[in-house]
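Trainee: Mind walking me through this one? I'd like to go from the overall layout down to a single residue.

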Amino acid sequence: MTKNFSQTAAFIWSVADLLRGDFKQSQYGRIILPFTLLRRLECVLEETKAAVVAESQRIANLPIEKQPKTEEAQANYLKRASKRPFYNTSPMDLSKMGQSDIKDNLNTYVQSFSKDAREIFEHFKFEEFVGQLADANLLYKVVQMFATTDLSPETISNHEMGFVFEELIRRFAESSNETAGEHFTPRDIVRLTTSLVFMEDDDALTKDGIIRTIYDPTAGTGGFLSSGMEYVLELNPDAVMRTYGQELNPESYAICKADMLIKGQEVNNIKLGNTLSSDQLVAEKFDYMLSNPPFGVDWKKISGEIKDEHEQKGFDGRFGAGLPRVSDGSLLFLMHLISKMRPITTNEQEAGNSQNGNQGSRIGIILNGSPLFTGGAGSGESEIRRYILEADLLEAIIALPNDMFYNTGIATYIWILSNKKADERRGKVQLIDGSNLYSKMRKSLGSKRNEMSEDDAKTIIRSFGDFEVVDARVLDKPEEVKSNRGRQSANPTNAPAKTFASKIFATHEFGYRRITIERPLRLSAQLSDAAIETLRYASKPFDMVMPALYEAFGSHWTTDSDSNDSSKSYGDLSAVALEARAMIKADFSELKEKQIKDVLDAKVWQDQLAIMNKAKALQAAIGENQFDDFNEFEKVLKQALKDADASLDISLDAKEKKQLLDAITWKNPEAEPVIKKAVKVANPLYGAFSYKSTNSNKPAKIVEFQTDSDLRDYENVPLNPEVTTTELIESYFTREVQPHVPDAWINADKTDAIDEEVGIVGFEIPFNRHFYVYEPPRPLAEIDADLDAVSTEIMQLLGEVHS
């Protein structure tokens, strides 16, 4: 099979040799793909071609009053003759186009298809490219080449044709520098995901006439939809599968629609457009959903629609749980799928009358590693994981090998979700590490260097079905071939063994409560000359530019702002404005024009001089002693301001006082904690301490301290549903925090938005951490031996150079 489809794809792509020179590489696929589809449709219809043409002529020869009144009514007759949901009424085919009028003949031939098939070629802008081929005198050659390509179902099955389209799109994407993985998913991964999603539906796999719906919101070329149908029909040919999908890329949409058309599906269920911003199957719910959304693609363009739905509809819409960061929309697709789940029917009579029973829905979605752990407690990503786990929707996550996809080699994972878990799975999640279950491909396809064999896939499927813990066991896999280039180590390390493992966790084990740990602010204060001198300059953004200006031009100023000599007035830069501006532009380019004007204004300098002079007056009253108890210093400062002679005018407004304190205080771990306020009841766990200054004889009082933001820390306390939140966080704090930092406390103001208890709930799934196997480092003697050998080799080489 592999040889057949790969040879066919290579032969079809050889049409590019004809196009080279007259068309850009980025245009090859837009010509080759629709011609391939056209030939496939033609081959599929060949068996009933004569009957359709005869029926079309019969209808045309009917009296006008007896002819079908609408195209739809006429289509019903022709579909019966075609025995398929599409047809072509033209007696021509690609081999009969002729050369003289081939452009008009080909366009007429395409227009003779039924409506759904015609629309496929419209999305490829087929007529436009036909015109360009005709102008380049290439149309006849291209048509003849496709006319001799056998794409009949007897020669190449629908499944193989899917591989052909994949290979063509991959080549197209590479030639046009597009991302192939946005259009289709490798079939080995499609098959595995499909098996995991369908394997627990015994009814669909055994009962006669059972009806199931399958949906892909990122349908691409329809790989997941085709695989879902094939999987069920292989096991139960009497089952009825109905496919639904939506795709953003017009070419991929056209291929998907053609594939569903050939397979007899209702193609009106395949939609074109952006699933996230414009869901075109709003009212539909589905039994099975499969998706491989693009990895790490931002949703900035549609952020308005997404945020509106989140804020206005909440959980009545798709995104009630939260929104991920705008740089990665993967979790938006997951929430979209969850919104499409069928509700569980509890009424037995309703369930019996329903073709879908009361089974709910199952989801298989491929995501990269980011949705597992990105975002801390309270973030959009964490809240989405919280919703999924608290609603008990997640059944399993399977780690796939790297280098499995055409466009990326990063780690990827299959998430399996269901709203009706089996009894033994309720409240639990299975993690399966299948990252070593792969074989190297003989030839890479883009970034895809590895593939998963049927046996490897069965290992994962069996582990998932058994729902059992599998301790890490070594796989019978060949060792990676190492490069022999460069100098080889005298003591080469052995590659870690390739293992397979499965673990089961309770859902709450992925959750934690993030508590904020505060510590008191400890300040020292001193009205030193150096500290006071800094008040000559304003704070940011002028704290760097003003000292430079003062050094360059301050010698021309008097220190008396009331001087009668205007040329020496303090802060007056008017005489050197051009020079000062040039210096600012050169050395402080980050300053904006308004800021430059401000710093050149004499009033800014004079205001700072006034503050500095007030500080000097306070220094004269208080002295230059260092205070290691800021609470005491505040009292002294307040009294000094009160006692000062009114003529000195050293009163400070709030802004001036803040600048003064910023200049003369610094954090000192040996200083006394700064008191915020007195309270009535002691509760040291939450910041209400009984406190007595070491420098005071006064009795202890109960106070709360100012917090030091630089010492603020956070602790993630694992959730435990068997104890209350209070007991959970307090026992953790007294056990893990208090012995190390006795002056710390829990910030009770930081509460969860949902349960309103102390601490913010977060969820993450640290997959790799759970499967990490410690590898002891090499002995130091071996490392030293390697270093000595390298050093010796370097010295020999240097000796050769000098000689």
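Mentor: Sure, we'll take the sheet, then a helix on it, then one residue; keep in mind that the model is predicted.

Trainee: Which strands are the edge strands of the sheet?

Mentor: Start with the order, which runs β3-β2-β1-β4-β5-β7-β6-β8-β12-β11 in an open, mixed sheet of ten strands. An edge strand pairs on one side only. That leaves us with β3 (270–272) and β11 (470–474).

Trainee: By how many degrees are neighbouring strands turned against each other on average?

Mentor: Direction is ignored for this one. The average for this sheet is 15 degrees.

Trainee: What angle does helix α16 make with β5?

Mentor: Helix α16 (residues 330–339) packs on the sheet and touches β1, β4, β5 and β7. Comparing its direction with that of β5 (362–368) gives about 180 degrees.

Trainee: What is the bridge partner of Gln430 in β12?

Mentor: Strands β8 (residues 428–433) and β12 (residues 499–506) pair in the antiparallel sense, over six bridges. For Gln430, the partner in β12 is Ile504.

Trainee: Now Ala396: buried or exposed?

Mentor: Ala396 sits in strand β6 (residues 394–399). Leaving out residues up to four places away in sequence, Ala396 touches Ile414, Trp415, Ile416, Val429, Gln430 and Phe464. The cut-off is under 20% relative accessible area. Ala396 has 0% relative accessibility, so it counts as buried.

Trainee: And how many Å apart in space are Ala396 and Pro68?

Mentor: In sequence, the two are 328 residues apart. Going C-alpha to C-alpha, the distance between Ala396 and Pro68 is 54 Å.

Conventions. Residues numbered from 1 in each chain as written. Predicted model: local features only at pLDDT ≥ 70, side-chain atom pairs only at ≥ 80, totals over all residues. Heavy atoms only, no water. Pairing = 2+ DSSP bridges. Helix = DSSP H or I, 4+ residues; strand = E, 2+ residues; numbered from the N terminus. Axes fitted to C-alpha atoms, helices over the stretch in contact; angles between N-to-C directions. Contact = heavy atoms within 4.5 Å. Buried < 20%, exposed > 50% of the residue type's maximum accessible area, 1.4 Å probe, protein only.
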